[in-house]
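This report introduces a structure to a reader who has not met it before. The sequence and the model are shown first, and the description follows.

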There are 2 protein chains.
Amino acid sequence: MPDKSLSSSQRAVQELRSRIFSGELAAGSDHLESELADLLEMSRTPVREAVLTLGSQGLLELRPRKGVRILPLSPEDMAEVYDVLTELESHAAERAASANYSEADLAELAQAIDEMDAAIAKSDLDAWAEADDRFHSELVRLGRNSRIEAIVAMMSDQVRRARTTTLFMRPLPTKSNEDHRAVYQAIRDGNPDTARTIHRKHRQHAKAILVELLGKHRLRYL
Amino acid sequence: MPDKSLSSSQRAVQELRSRIFSGELAAGSDHLESELADLLEMSRTPVREAVLTLGSQGLLELRPRKGVRILPLSPEDMAEVYDVLTELESHAAERAASANYSEADLAELAQAIDEMDAAIAKSDLDAWAEADDRFHSELVRLGRNSRIEAIVAMMSDQVRRARTTTLFMRPLPTKSNEDHRAVYQAIRDGNPDTARTIHRKHRQHAKAILVELLGKHRLRYL
DNA sequence: GCATTTATTTGCGTATGCATTAAAAAATGC
DNA sequence: GCATTTTTTAATGCATACGCAAATAAATGC
């Protein structure tokens, strides 16, 4: 049941986002404003605002007279997004390591790592993905740069749809957590350069894996 | 004379942007939607869309019932923006240096550098700033990552207003162009690590200068 | 006088209608 | 038949109207 306390245009943003992620609004599909308005049972005005917002976040594109297109992601797009994430998250890791956080401050980060271990032990990929998301967003939060937080959230959204597809195509990310622990330790021990370098390599590696996977499976768009 | 071929909401974005940069809409000031609609001689609808767009780009904030606030930038904000620029531009420099560009491809970059030299010789700060902008945006373009281009453009907008203020408070950036030339050469010679490292230091230095300047002059908001 | 309630104003969020104009369909010429 | 023009359709961009709720002012009680 939709929260009545939200404005229609806020609800429209939420609803459209989740329908994009679920695939109900498929990548590459076109939709008229009036069609979306009917779908969400509201007038065109709030959907139009929502569509502008989601457009500015790169999830869709407005093509006058042709409807809004849910943007598909090509392997090149994925590479772009991963590069942005790599640079900004590495910066966050570096900053986090300079911030003299206590272990209590880093509890959330540590917990996410433990949950990834647990998820891997149970071969629960969804749980792993969820914990991995939490690790990365917590890392960015600790970097204390609101603009980086916003950008990373935006880019993470863009890859989210793709990851649900690719996640099940690759081997269990067992080694991945070693990196996470190393980053955690570097932050805890106050080694900015180490935190930065390791996280950067971690992300670059993830990008390489993904790009290779997309190539091998001939996935042109997601 | 406003271009009649643009839609009203596009014109609204342009007009509001330029009035924000010119200071006509001052940082920290509040404006009702209807006030802006009157100012731009159009209805609230396109103004509202423009305001949503500019809001998502961080130039202003929507505060229901209080009007849209033109966002002031604190020294902390400046630091955030510079950190984003540092990371993403450095990445662009690295990528540009990996791309095997010919000298012809780099002509625009070289020209911007020469113009900065010329501007410094004439002590023409405005011309210098314009050429500096061109250098940085061309560098990013050569990095071939559309998302980075968009983000950098957005962040550059945010500091633009501040720079017009601070530009005249500091000594002529004579040494700055040495870095630019070094980055240029690293790109031309295909040395990604060098291009990245130098540009990174260059930006970090610029940030340090600016932050110090803001502190010295007790500028809390711009 | 001060606090609390009530009345009034007013800015925003949303719905709706309409003119514009791009795209699709139909009609015409060759 | 095919190309070109004309007609029709319909999606958008914008203006306008209106109800709601927040902010402010006024009124009431103490």
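## An exposed residue past the last helix

Arg218(A) has a relative accessibility of 67% and counts as exposed, because the cut-off for that class is over 50%. The model in which Arg218(A) is described is a predicted one. Arg218(A) belongs to the segment that follows helix 9 (192-216) of chain A. Its phi angle is near 55°, which is a positive value in a residue other than glycine.

Glu41(B) also has a phi near 55°, again a positive value in a residue other than glycine. Glu41(B) sits in the loop that links helix 2 (33-40) to helix 3 (44-56) in chain B. With a relative accessible area of 72%, Glu41(B) is exposed.

## Fold of chain A

Chain A contains nine helices and three strands. Followed along the sequence, these elements give the pattern α-β-α-α-β-β-α-α-α-α-α-α. The radius of gyration of chain A is 19 Å, close to the 17 Å that the globule rule gives for 222 residues, so chain A is as compact as a globular protein of that length. Along the principal axes, the C-alpha atoms of chain A fill a box of roughly 55 × 40 × 30 Å.

Of the 222 residues in chain A, 47% are buried. When contacts in chain A between residues at least 6 apart in sequence are considered, 75% of them join residues at least 24 apart.

## Surface and charge

The area exposed by chain A is about 10800 Å², and carbon and sulfur atoms supply 50% of it. Chain A carries 31 positive and 36 negative side chains. The centres of these two sets lie 4 Å apart.

## Relation of the two chains

A turn of 180° with a shift of 0.0 Å along the axis lays chain B on chain A, with an RMSD of 0.0 Å. That is the relation of a two-fold axis. In chain B, the C-alpha nearest the axis belongs to Glu87(B), at 2.9 Å from it.

How do the interface residues of the chains correspond? Of the interface residues of chain B, 100% are also interface residues in chain A, so the copies meet through the same surface.

## Selected residues and their contacts

Lys207(B) lies in helix 9 (residues 192-216) of chain B. Neighbours within four places in sequence aside, Lys207(B) is in contact with Arg95(A) as well as with Ala79(B), Tyr82(B) and Asp83(B). Phe135(B) is 72 residues from Lys207(B) along the chain, and their C-alpha atoms are separated by 17 Å.

Ser74(B) occupies the loop between strand 3 (67-70) and helix 4 (75-98) of chain B. Its relative accessible area is 6%, and Ser74(B) is therefore buried, the limit for that class being under 20%. With neighbours within four places in sequence left aside, Ser74(B) is in contact with Arg220(B) and Tyr221(B).

Arg170(A) is placed in the loop between helix 7 (146-166) and helix 8 (176-188) of chain A. At 23% relative accessibility, Arg170(A) counts as partly exposed. Residues up to four places away in sequence not counted, Arg170(A) touches Trp128(A), Arg163(A), Ile209(A) and Leu213(A). Asp30(A) stands 140 residues from Arg170(A) in sequence, with a C-alpha to C-alpha distance of 31 Å.

Terms used
Residues numbered from 1 in each chain as written. Chains lettered and ligands numbered in written order. Predicted model: local features only at pLDDT ≥ 70, side-chain atom pairs only at ≥ 80, totals over all residues. Heavy atoms only, no water. Helix = DSSP H or I, 4+ residues; strand = E, 2+ residues; numbered from the N terminus. Rg over C-alpha atoms; globule rule 2.2 N^0.38 Å. Buried < 20%, exposed > 50% of the residue type's maximum accessible area, 1.4 Å probe, protein only. Contact = heavy atoms within 4.5 Å. Areas by Shrake-Rupley, 256 points an atom, 1.4 Å probe, with all protein chains shown as cover. Lys, Arg positive; Asp, Glu negative; His and termini not counted. Charge placed at Lys NZ, Arg CZ, Asp CG, Glu CD. Least-squares fit on C-alpha atoms with pLDDT ≥ 70 in both.
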